[in-house]
Amino acid sequence: MKLQQLQALIALADGGGIRAAARMLELSQAAVSKTLRELEEEQRLPLLQRHASGARLTEAGQALLIHARQVAMQLERAHDELEALRGQRDARLCIGVTPWLVPTLLPEVVLRFRQRLPAIRLELFEGLLAVALPRLRDGQMDFAIAPLFEPLAQEFHCQPLFSHGGRVFARNGHPALSATSLSALLEQDWVVNYSPASYRHVLDRLFNRHGLAIAPERLICAQSMALLAGLVQAGMLSYGPEPLLLCPEFAGKAQALSLREEMEEIVIGVISLQGQAHGYAARCFIDCLRQTLRQRLRSARPEDRALARMLTLRF
(Lines give C-alpha, C1' and ligand atoms only; values in the text may rest on other atoms or scores of the structure.)
Protein backbone atom coordinates (compact mmCIF):
# COMPACT_ATOMS: atom_id res chain seq x y z
CA MET A 1 0.00 0.00 0.00
CA LYS A 2 1.22 3.47 -0.88
CA LEU A 3 0.72 6.54 1.27
CA GLN A 4 -1.18 8.40 -1.47
CA GLN A 5 -3.62 5.49 -1.69
CA LEU A 6 -4.34 5.67 2.03
CA GLN A 7 -4.66 9.46 1.84
CA ALA A 8 -7.22 9.06 -0.97
CA LEU A 9 -9.20 6.57 1.12
CA ILE A 10 -9.24 8.97 4.10
CA ALA A 11 -10.28 11.90 1.90
CA LEU A 12 -13.13 9.92 0.38
CA ALA A 13 -14.37 8.88 3.83
CA ASP A 14 -14.16 12.47 5.12
CA GLY A 15 -15.60 14.08 2.00
CA GLY A 16 -18.27 11.52 1.19
CA GLY A 17 -17.35 11.06 -2.46
CA ILE A 18 -14.72 11.19 -5.21
CA ARG A 19 -15.38 14.83 -6.10
CA ALA A 20 -14.96 16.06 -2.51
CA ALA A 21 -11.87 13.85 -2.06
CA ALA A 22 -10.33 15.35 -5.19
CA ARG A 23 -10.90 18.88 -3.87
CA MET A 24 -9.35 18.00 -0.51
CA LEU A 25 -6.27 16.44 -2.12
CA GLU A 26 -6.06 19.09 -4.89
CA LEU A 27 -6.10 16.37 -7.56
CA SER A 28 -8.38 15.56 -10.46
CA GLN A 29 -11.31 13.21 -9.92
CA ALA A 30 -9.77 10.86 -12.48
CA ALA A 31 -6.52 10.70 -10.49
CA VAL A 32 -8.32 9.93 -7.22
CA SER A 33 -10.49 7.29 -8.89
CA LYS A 34 -7.44 5.63 -10.44
CA THR A 35 -5.57 5.62 -7.10
CA LEU A 36 -8.49 3.97 -5.30
CA ARG A 37 -9.02 1.40 -8.09
CA GLU A 38 -5.34 0.45 -7.86
CA LEU A 39 -5.67 0.04 -4.09
CA GLU A 40 -8.70 -2.26 -4.55
CA GLU A 41 -6.90 -4.32 -7.19
CA GLU A 42 -3.79 -4.72 -5.05
CA GLN A 43 -5.83 -5.79 -2.00
CA ARG A 44 -8.21 -7.95 -4.07
CA LEU A 45 -11.17 -6.61 -2.11
CA PRO A 46 -13.95 -4.11 -2.94
CA LEU A 47 -13.23 -1.09 -0.76
CA LEU A 48 -15.82 1.29 -2.25
CA GLN A 49 -19.48 0.96 -3.05
CA ARG A 50 -20.07 3.32 -5.96
CA HIS A 51 -23.50 4.82 -6.62
CA ALA A 52 -25.01 7.66 -8.64
CA SER A 53 -24.53 10.30 -5.95
CA GLY A 54 -21.01 9.31 -4.93
CA ALA A 55 -19.29 6.45 -3.13
CA ARG A 56 -19.08 4.99 0.35
CA LEU A 57 -16.75 2.55 1.99
CA THR A 58 -17.54 -1.15 2.18
CA GLU A 59 -16.90 -3.17 5.34
CA ALA A 60 -13.38 -3.89 4.06
CA GLY A 61 -12.91 -0.18 3.31
CA GLN A 62 -13.98 0.77 6.83
CA ALA A 63 -11.54 -1.75 8.28
CA LEU A 64 -8.67 -0.35 6.21
CA LEU A 65 -9.69 3.24 7.05
CA ILE A 66 -8.89 2.70 10.75
CA HIS A 67 -5.32 1.70 9.88
CA ALA A 68 -5.00 4.41 7.23
CA ARG A 69 -5.82 7.11 9.79
CA GLN A 70 -3.29 5.65 12.24
CA VAL A 71 -0.56 5.58 9.57
CA ALA A 72 -1.31 9.14 8.49
CA MET A 73 -1.32 10.39 12.10
CA GLN A 74 1.94 8.61 12.89
CA LEU A 75 3.68 10.10 9.84
CA GLU A 76 2.35 13.56 10.66
CA ARG A 77 3.72 13.26 14.20
CA ALA A 78 7.10 12.08 12.92
CA HIS A 79 7.23 15.07 10.58
CA ASP A 80 6.22 17.50 13.34
CA GLU A 81 8.71 16.03 15.82
CA LEU A 82 11.64 16.28 13.40
CA GLU A 83 10.73 19.86 12.54
CA ALA A 84 10.50 20.68 16.25
CA LEU A 85 13.95 19.21 16.82
CA ARG A 86 15.19 21.42 13.96
CA GLY A 87 13.54 24.36 15.71
CA GLN A 88 11.15 25.02 12.82
CA ARG A 89 7.81 24.35 14.50
CA ASP A 90 6.09 22.93 17.56
CA ALA A 91 5.39 19.19 17.70
CA ARG A 92 2.51 17.77 19.70
CA LEU A 93 2.60 14.98 22.26
CA CYS A 94 -0.78 13.79 23.56
CA ILE A 95 -0.87 11.64 26.70
CA GLY A 96 -3.59 10.18 28.89
CA VAL A 97 -2.73 9.99 32.58
CA THR A 98 -4.51 7.97 35.26
CA PRO A 99 -6.14 10.55 37.57
CA TRP A 100 -4.27 10.00 40.84
CA LEU A 101 -0.95 10.75 39.08
CA VAL A 102 -2.13 14.30 38.29
CA PRO A 103 -1.73 15.83 41.80
CA THR A 104 1.00 13.44 43.01
CA LEU A 105 3.68 12.99 40.33
CA LEU A 106 2.66 14.67 37.08
CA PRO A 107 3.70 18.30 37.82
CA GLU A 108 7.31 17.27 38.49
CA VAL A 109 7.35 14.99 35.42
CA VAL A 110 6.09 17.80 33.18
CA LEU A 111 8.70 20.25 34.51
CA ARG A 112 11.48 17.75 33.78
CA PHE A 113 10.11 17.17 30.31
CA ARG A 114 9.81 20.90 29.58
CA GLN A 115 13.45 21.41 30.55
CA ARG A 116 14.55 18.72 28.10
CA LEU A 117 12.17 19.41 25.20
CA PRO A 118 10.71 22.92 25.52
CA ALA A 119 9.61 23.02 21.87
CA ILE A 120 7.16 20.12 22.20
CA ARG A 121 3.51 21.11 22.63
CA LEU A 122 2.14 18.88 25.39
CA GLU A 123 -1.53 17.87 25.57
CA LEU A 124 -2.69 15.94 28.65
CA PHE A 125 -5.94 14.10 29.31
CA GLU A 126 -7.18 12.77 32.62
CA GLY A 127 -6.75 9.29 31.25
CA LEU A 128 -9.45 7.10 32.74
CA LEU A 129 -9.47 4.07 30.43
CA ALA A 130 -12.98 4.73 29.19
CA VAL A 131 -11.71 8.12 27.93
CA ALA A 132 -8.22 7.09 26.78
CA LEU A 133 -8.82 3.88 24.80
CA PRO A 134 -10.96 5.42 22.00
CA ARG A 135 -8.35 8.17 21.51
CA LEU A 136 -5.56 5.60 21.37
CA ARG A 137 -7.44 3.58 18.77
CA ASP A 138 -8.01 6.48 16.37
CA GLY A 139 -4.49 7.87 16.78
CA GLN A 140 -5.41 11.08 18.61
CA MET A 141 -3.42 10.03 21.69
CA ASP A 142 0.22 8.87 21.63
CA PHE A 143 0.01 6.73 24.75
CA ALA A 144 -1.71 6.45 28.12
CA ILE A 145 -0.31 5.80 31.58
CA ALA A 146 -3.03 3.67 33.10
CA PRO A 147 -3.88 0.30 34.70
CA LEU A 148 -2.94 -2.77 32.66
CA PHE A 149 -5.19 -5.80 32.42
CA GLU A 150 -5.19 -8.99 30.34
CA PRO A 151 -7.64 -8.07 27.50
CA LEU A 152 -5.61 -4.95 26.64
CA ALA A 153 -2.68 -7.05 25.43
CA GLN A 154 -4.78 -8.31 22.50
CA GLU A 155 -4.98 -4.81 20.99
CA PHE A 156 -2.36 -2.67 22.71
CA HIS A 157 1.31 -2.78 23.68
CA CYS A 158 1.60 -2.65 27.48
CA GLN A 159 4.84 -1.67 29.24
CA PRO A 160 4.73 -1.99 33.08
CA LEU A 161 6.06 0.88 35.21
CA PHE A 162 4.95 0.15 38.78
CA SER A 163 2.22 -1.53 40.79
CA HIS A 164 0.07 -0.70 43.81
CA GLY A 165 -2.76 -2.23 45.78
CA GLY A 166 -6.43 -1.87 45.01
CA ARG A 167 -8.70 -0.80 47.87
CA VAL A 168 -12.41 -0.54 48.54
CA PHE A 169 -13.17 2.88 50.02
CA ALA A 170 -16.05 5.03 51.20
CA ARG A 171 -16.62 8.56 52.48
CA ASN A 172 -15.87 9.31 56.11
CA GLY A 173 -18.74 8.28 58.38
CA HIS A 174 -20.20 5.77 55.91
CA PRO A 175 -21.93 2.87 57.73
CA ALA A 176 -20.09 0.36 55.51
CA LEU A 177 -16.70 1.35 57.00
CA SER A 178 -17.29 -1.21 59.75
CA ALA A 179 -17.73 -4.07 57.25
CA THR A 180 -15.05 -6.77 57.26
CA SER A 181 -16.06 -8.69 54.11
CA LEU A 182 -17.10 -7.92 50.54
CA SER A 183 -20.09 -10.22 50.99
CA ALA A 184 -21.61 -7.62 53.34
CA LEU A 185 -21.38 -4.94 50.64
CA LEU A 186 -23.25 -6.52 47.72
CA GLU A 187 -26.43 -4.52 48.39
CA GLN A 188 -24.53 -1.22 48.33
CA ASP A 189 -24.32 1.03 45.25
CA TRP A 190 -20.82 1.19 43.76
CA VAL A 191 -19.14 3.70 41.47
CA VAL A 192 -16.03 2.65 39.54
CA ASN A 193 -14.30 3.49 36.28
CA TYR A 194 -14.26 0.99 33.46
CA SER A 195 -14.35 0.82 29.69
CA PRO A 196 -16.50 -1.74 27.81
CA ALA A 197 -13.36 -3.86 27.40
CA SER A 198 -12.47 -3.73 31.10
CA TYR A 199 -15.96 -4.18 32.62
CA ARG A 200 -15.67 -7.96 32.97
CA HIS A 201 -12.15 -7.65 34.33
CA VAL A 202 -13.30 -5.19 37.01
CA LEU A 203 -16.01 -7.63 38.11
CA ASP A 204 -13.54 -10.51 38.17
CA ARG A 205 -10.90 -8.52 40.04
CA LEU A 206 -13.27 -7.29 42.72
CA PHE A 207 -16.03 -9.87 43.16
CA ASN A 208 -15.83 -13.05 41.09
CA ARG A 209 -12.38 -14.10 42.27
CA HIS A 210 -13.84 -14.18 45.80
CA GLY A 211 -16.84 -16.27 44.75
CA LEU A 212 -19.21 -13.29 44.84
CA ALA A 213 -21.56 -11.73 42.30
CA ILE A 214 -23.14 -8.28 42.24
CA ALA A 215 -26.22 -7.11 40.38
CA PRO A 216 -25.10 -5.14 37.28
CA GLU A 217 -27.31 -2.17 38.16
CA ARG A 218 -25.37 -1.76 41.42
CA LEU A 219 -22.19 -0.91 39.49
CA ILE A 220 -22.15 2.64 38.09
CA CYS A 221 -19.43 3.78 35.68
CA ALA A 222 -17.89 7.23 36.25
CA GLN A 223 -15.72 8.57 33.46
CA SER A 224 -14.11 11.45 35.34
CA MET A 225 -12.43 12.04 38.70
CA ALA A 226 -15.05 14.67 39.59
CA LEU A 227 -17.90 12.23 38.99
CA LEU A 228 -16.14 9.51 40.98
CA ALA A 229 -15.44 11.80 43.94
CA GLY A 230 -18.92 13.33 43.89
CA LEU A 231 -20.69 9.97 43.94
CA VAL A 232 -18.43 8.63 46.69
CA GLN A 233 -19.28 11.69 48.79
CA ALA A 234 -22.96 11.03 48.01
CA GLY A 235 -22.62 7.65 49.74
CA MET A 236 -21.55 5.14 47.09
CA LEU A 237 -18.69 2.71 47.62
CA SER A 238 -15.80 2.58 45.21
CA TYR A 239 -12.89 0.35 44.30
CA GLY A 240 -9.68 1.73 42.88
CA PRO A 241 -5.99 2.47 43.33
CA GLU A 242 -4.84 3.03 46.89
CA PRO A 243 -2.91 6.24 45.93
CA LEU A 244 -6.25 7.81 44.98
CA LEU A 245 -6.75 8.38 48.72
CA LEU A 246 -3.80 10.82 48.65
CA CYS A 247 -5.51 13.09 46.09
CA PRO A 248 -7.27 16.30 47.23
CA GLU A 249 -10.68 14.96 46.14
CA PHE A 250 -10.36 12.07 48.62
CA ALA A 251 -7.66 12.94 51.19
CA GLY A 252 -9.34 13.45 54.56
CA LYS A 253 -12.75 12.80 52.98
CA ALA A 254 -12.68 9.06 52.31
CA GLN A 255 -10.93 6.01 53.71
CA ALA A 256 -10.21 2.41 52.81
CA LEU A 257 -12.19 -0.45 54.33
CA SER A 258 -10.37 -3.19 56.24
CA LEU A 259 -11.66 -6.30 54.47
CA ARG A 260 -10.49 -9.87 54.92
CA GLU A 261 -10.44 -10.44 51.14
CA GLU A 262 -7.05 -9.69 49.62
CA MET A 263 -7.30 -7.24 46.75
CA GLU A 264 -5.37 -7.91 43.54
CA GLU A 265 -2.26 -5.84 42.80
CA ILE A 266 -2.87 -3.24 40.07
CA VAL A 267 -0.08 -2.72 37.53
CA ILE A 268 0.28 0.75 35.98
CA GLY A 269 2.06 1.04 32.67
CA VAL A 270 2.39 2.70 29.28
CA ILE A 271 -0.40 1.69 26.88
CA SER A 272 0.03 2.29 23.15
CA LEU A 273 -1.19 0.73 19.93
CA GLN A 274 0.45 -2.52 18.88
CA GLY A 275 3.17 -1.86 16.32
CA GLN A 276 3.30 1.89 17.00
CA ALA A 277 6.84 2.99 17.79
CA HIS A 278 7.27 5.70 20.41
CA GLY A 279 8.81 8.87 19.02
CA TYR A 280 11.68 10.71 20.66
CA ALA A 281 9.35 13.01 22.64
CA ALA A 282 7.29 10.07 23.95
CA ARG A 283 10.42 8.19 25.04
CA CYS A 284 11.68 11.34 26.76
CA PHE A 285 8.42 11.78 28.71
CA ILE A 286 8.46 8.15 29.87
CA ASP A 287 12.09 8.56 30.96
CA CYS A 288 11.15 11.70 32.93
CA LEU A 289 8.40 9.73 34.68
CA ARG A 290 10.84 6.97 35.63
CA GLN A 291 13.35 9.49 36.98
CA THR A 292 10.65 11.18 39.05
CA LEU A 293 9.44 7.87 40.45
CA ARG A 294 12.95 6.83 41.51
CA GLN A 295 13.63 10.20 43.15
CA ARG A 296 10.28 10.47 44.95
CA LEU A 297 10.43 6.92 46.28
CA ARG A 298 13.84 7.71 47.87
CA SER A 299 12.64 11.01 49.34
CA ALA A 300 12.22 11.51 53.11
CA ARG A 301 9.28 13.94 52.79
CA PRO A 302 6.17 12.60 54.57
CA GLU A 303 3.98 12.84 51.46
CA ASP A 304 6.60 10.96 49.43
CA ARG A 305 6.97 8.31 52.10
CA ALA A 306 3.20 7.78 52.08
CA LEU A 307 3.31 7.28 48.30
CA ALA A 308 6.42 5.08 48.47
CA ARG A 309 4.67 2.70 50.87
CA MET A 310 2.00 2.13 48.24
CA LEU A 311 4.15 1.63 45.10
CA THR A 312 6.44 -1.11 43.79
CA LEU A 313 8.59 -0.29 40.74
CA ARG A 314 8.37 -2.69 37.77
CA PHE A 315 11.31 -1.41 35.70
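Student: What makes two rings count among the 5 aromatic pairs of this structure?

Tutor: The structure holds 5 aromatic pairs, where rings of Phe, Tyr and Trp (its six-membered ring) pair if their centres lie within 6.5 Å; planes under 30 degrees apart count as stacked, over 60 as edge-to-face and the rest as tilted. This is a predicted model, in which local features need pLDDT of at least 70 and side-chain atom pairs count only at pLDDT 80 or more, while totals for chains, interfaces and linings use all residues. Residues are numbered from 1 along each chain as its sequence is written, and side-chain values use heavy atoms, without hydrogens and water.

Student: Why is the pair of F113 and F285 called edge-to-face?

Tutor: The centres of F113 and F285 are 5.5 Å apart and their planes 65° apart; the angle is over 60 degrees, so the pair is edge-to-face. F113 belongs to helix α6 (residues 106-116) and F285 to helix α10 (residues 280-298), so the pair ties together parts 172 residues apart in sequence. F113 and F285 also form one aromatic cluster with F143.

Student: How do you know that W190 and F207 are buried?

Tutor: Buried means under 20% relative accessible area, exposed over 50%, partly exposed in between (1.4 Å probe, protein chains only). W190 has 0% and F207 has 1%, so both are buried.

Student: What makes R290 a charge over the ring of F315?

Tutor: The criterion is that NZ of Lys or CZ of Arg is within 6 Å of the ring centre and within 35 degrees of the ring normal. R290 lies over the face of F315, at 5.5 Å from the ring centre, so the distance criterion is met.

Note on methods. Helices (H or I, at least four residues) and strands (E, at least two) are DSSP runs, numbered from the N terminus.
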